[in-house]
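User: I'd like to go through this structure with you and ask how each label is justified. Could you set the values against the definitions as we go?

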Amino acid sequence: MDETPVLVDKRAHYRVVTFNRPQRLNAFNEDMHRALKAVLDEAEGDPDCRALLLTGAGRAFSAGQDLNDRVTKPGERIVLGGTLDQYYNPLIRKLRSLPFPVIAAVNGVAAGAGASIAFACDIVLAAKSATFVQAFARIGLVPDSGGTWFLPRLVGTARARALALLGESVNAEKAENWGLIWKCIADTDLMAEAETLCARFATGPTFGYSLIKRALDASETNDLPTQLDLERDLQREAGFSPDYGEGVRAFMEKRAPNFTGKKGQ
Ligand code: T3D
């Protein structure tokens, strides 16, 4: 087992979580999956955690599945559905459902499931030198960990199909221009900018953010009437939160709001 396949730095109201297998470009093995799950579960259970930043140690964000664990003899079969059920799919669901913003600071190459994990985050920042690679087709696989769901929604069908089938690398500037990510940032500024954003979220209206995430996720499958009903229900909940009252008072008093992030009664 690696010493610490996932590092956690606790900051004021947020965590920086670093994939830490740099010698393997932060490729995922079972130890790393288990470590990441524990970190995310702990963060979710801590009411003081109001934002999370994911990044990678060394020159990669993550190269996806560690292929050292997938080497077979010719003719030997390997069952991949099981690892998706056990590890990747719960990870993507967890990232999407965390009740606070999750930011990816993509510091280098994000390939295979490594790219899908970034796309599952709420906001993706990438260093100018970072690249996104749909590596799956290169080894005869299907984009997974939500890849076939995120790609067409982010960049449209034409680009999604070409990316998935060709497995070509997309640099961070193009990724921003295509809408695959939020922002491409100079390498030297990436972490500072990502932490500034996290710190901002960590003092924001966390409960309201969690409702925004729920509404946007639901809009992927809802028709307009259903979504309008959902917005009404979520807005009712948001309206009961102390942060809504504080936000309006602060606006009227022309001062900065002091949000607690809490849910209302
Ligand atoms: O299996 C299941 O459970 C199903 C789920 C699958 C999810 C997936 O993610 S499938 C896709 C798996 N990932 C890949 O296929 C990506 C493979 N890697 C690459 O295509 C390239 O390495 C990169 C595009 C990521 C980076 O290219 P480059 O030229 O910058 O670096 P490199 O020289 O290829 O790699 C550097 C080292 O990292 C090298 O090791 P070495 O020669 O220095 O000892 C390379 O073997 C290693 N490495 C890179 N990716 C992986 C890896 N080792 C294990 N697994 C990897 N995924």
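**Ligand, helix and a buried threonine**

User: What makes the backbone of Leu 67 a polar partner of the ligand?

Analyst: A nitrogen atom of the ligand is 2.9 Å from a polar backbone atom of Leu 67. A polar contact is a pair of N or O atoms within 3.5 Å; within protein, one must be able to donate a hydrogen and the other to accept it, and residues adjacent in sequence count only if both atoms are side-chain atoms. A backbone polar atom of Ala 113 is likewise 2.9 Å from an oxygen atom of the ligand, and the side chain of Arg 59 has an N or O atom 2.9 Å from a ligand oxygen. Please keep in mind that this is a predicted model, in which local features need pLDDT of at least 70, side-chain atom pairs count only at pLDDT 80 or more, and totals for chains, interfaces and linings use all residues. Residues are numbered from 1 along each chain as its sequence is written, and side-chain values use heavy atoms, with hydrogens and water left out.

User: Which residues come nearest to the ligand, and what is the make-up of the shell?

Analyst: Gln 65, Leu 67, Arg 70, Thr 83 and Ala 113 come nearest, out of 25 residues around the ligand. The shell divides into 14 nonpolar, five polar and six charged residues. Its largest share, three residues, comes from H2.

User: How do you know that the length of H1 fits a helix?

Analyst: The expected span is 1.5 Å times one less than the number of residues. H1 covers residues 30-45, so its 16 residues should span 22 Å, and the end C-alpha atoms are 23 Å apart, which agrees.

User: Which residues of H1 are buried, and what covers them?

Analyst: Asp 31, Met 32, His 33, Leu 36, Val 39, Leu 40 and Ala 43 are buried. Their cover includes strands S1 (6-11), S2 (14-19) and S3 (52-56), along with H2. At the start of H1, a side-chain oxygen of Asn 29 reaches to within 3.3 Å of the backbone nitrogen of Asp 31.

User: Why is Thr 55 called buried?

Analyst: Buried means under 20% relative accessible area, exposed over 50%, and partly exposed in between (1.4 Å probe, protein chains only). Thr 55 has 5%, so it is buried. This residue sits in strand S3, and a polar atom of its side chain lies 2.9 Å from the backbone oxygen of Ala 105.

Terms used
A residue is near a molecule or strand if one of its heavy atoms lies within 4 Å of it. Helices (H or I, at least four residues) and strands (E, at least two) are DSSP runs, numbered from the N terminus. Ala, Val, Leu, Ile, Met, Phe, Trp, Tyr, Cys and Pro count as nonpolar, Asp, Glu, Lys and Arg as charged, and the others, Gly among them, as polar. Contact means heavy atoms within 4.5 Å.
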